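Let's take a tour of this protein, starting with its pockets and moving on to its sheet. Keep the 3D view open as you read.

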Amino acid sequence: MTRRRPQESYQNSVAGPIYQSASYYFEDEDHVRAGLHERSRPAGRYGRYSNPTWLEVEAAVSKLCGAESSLLFASGMAAHFTTFVSLLKAGDEVVLPAESYRQTRNVFHHILPKFGVVVHEISIRDPDVFIDRLRALGSRLRLVHLEMPSSPHMYLIDVAGVREAVGPDVILTLDSSFSPPPNFHALQWGVDLALFSATKYLGGHGDIVAGMLSGRADLIEQVRWFRDTTGPVSDGNTAFLLRRSLYTLPMRMATANAYGLKTAQYLEAHEKVTKIYYTGLPSHPHYKLGQDYLRGHGAVITFELGLSEAETAAVVGRLAVPYMASNFGAPQTLVEQSTFFTYFEYDDAGLRDIGVDRSTVRLALGYADDVDLVIDDLDRALATA
Ligand code: PLP
């Protein structure tokens, strides 16, 4: 007699329950055969391979992205690393934008080459040059990784142009953490796999760390094998929180877009702001691409004050509403002085390479803060600059 846990007293909960189990039992030999050998009857096996709460969130993200399939990971970086290591082999050539997220660049420059992957880094500041360089590399490439908008300058990419330049066989991946649906639908533009730090807008409450991969089922199955084998997985509770968050994503993005645009317009008009990067403003170098690809520009704004790092720190230090912290897509407004936070290990030459000025400030508006109070707060702090 196989041991059985008593069935749940009822199974009609409107919200999907949180499954928190390391393994799943089989009722008898027939169940093992159908569930495990033949896969003719859905059955769980072990917590590293799947979990019903993950399956729910994966189905919801597939629907959101218009994807064939999706996978949940322990973090955005776990999703990135597992994807690249699954799809690449020694000798493969890949491209990534020079403006990609710092840890993504670390994966490409310091981890993948250990396995014989050949990495080309190209700046996306000039979208035409980016595409010309891709065209020159052409069919030698196995994978092109994109990220848009980039941080901190919010640069964009002509995604359909990239697909056209590299042809149909090169795998296109795109980190859409800053621009999830409904702002941007990467898979509609020839991207094979969209990647998300679900820690950001998808999770949306600043209380989980998670990652998502969404796109072509044949590629996802290759990545699934690596996830099953190496285990960069999430847990039932995190999956539940993420699934719950996805219901409000369109509302939160609408607020993010409205707050972002209002604050960006305020900052652009301010005499103490020397430069601003927000793709919803015509002054952004990639504004036209933004009009083509984005349906909203989000809650993250980068601006420069033309001051020294210390003078900029004094202004940031006077802000009372935002937390001094690195993240975005959260209820709270967060501010970071880029050269003091994310890029504190870079010297002057390194900062020049990535085009980050010492007076750069990145503001991530929180949807639970009153945007007018944030603007008043900025007004007070900037007055003293
Ligand atoms: N991609 C981008 C654009 C990010 O900003 C981040 C994190 O800041 C990541 C990926 C990594 O995501 P996670 O922190 O969930 O690992």
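The largest pocket in this predicted model has a volume of about 1,300 Å³. Of the 34 residues lining it, Tyr 24, Pro 42, Ala 43, Gly 44 and Pro 52 are the closest to its centre. Helices get involved too: α1 (29-37), α2 (52-65) and α7 (217-230) each supply at least two lining residues, and α2 gives the most, with 4 residues.

Now for the second largest pocket, which holds about 480 Å³ of space. Its 27 lining residues include Tyr 101, Phe 178, Lys 200, Phe 328 and Arg 362, which lie nearest its centre. Two elements, α3 (76-87) and α4, give two or more residues to this lining, and α3 has the largest share, with 3 residues. Both domain 1 (48-246) and domain 2 (249-383) contribute at least three residues each to the lining of this second pocket.

Here is how the two linings break down by class:

| Pocket | Nonpolar | Polar | Charged |
|---|---|---|---|
| Largest pocket | 12 residues | 12 residues | 10 residues |
| Second largest pocket | 7 residues | 13 residues | 7 residues |

On to the sheet. It's an open one with 7 strands and mixed pairing, in the order β1-β7-β6-β5-β4-β2-β3. Which strands stand at the edges? They are β1 (69-73) and β3 (118-122); each has a single partner strand, so one side of each has no neighbour in the sheet. From one strand to the next, the twist averages 20 degrees.

Look at one pair: β5 (residues 171-175) and β6 (residues 193-197) run in the parallel sense, joined over 3 bridges. Asp 175, for instance, has Leu 195 in β6 as its bridge partner.

Finally, two helices lie across β2, β3 and β4: α4 (residues 102-111) runs at about 155 degrees to β2, while α5 (residues 127-137) runs at about 155 degrees to β3.

Technical notes. Residues are numbered from 1 along each chain as its sequence is written. This is a predicted model: local features need pLDDT of at least 70, side-chain atom pairs count only at pLDDT 80 or more; totals for chains, interfaces and linings use all residues. Side-chain values use heavy atoms; hydrogens and water are left out. Two strands pair if DSSP finds at least two bridges between them. Axes are lines fitted to C-alpha atoms, for helices over the stretch in contact, and angles run from 0 to 180 degrees between N-to-C directions. Contact means heavy atoms within 4.5 Å. On a 1 Å grid over the protein atoms alone, a cavity is a set of points where a 1.4 Å probe fits but cannot get out, and a pocket is an open set with protein on both sides within 12 Å along at least five of seven lines; lining residues have an atom within 4 Å of a point. Grid points are joined across faces, edges and corners, and a volume is the space filled by probe spheres set on the points. Ala, Val, Leu, Ile, Met, Phe, Trp, Tyr, Cys and Pro count as nonpolar, Asp, Glu, Lys and Arg as charged, and the others, Gly among them, as polar. Domain bounds come from an automatic or database domain assignment.
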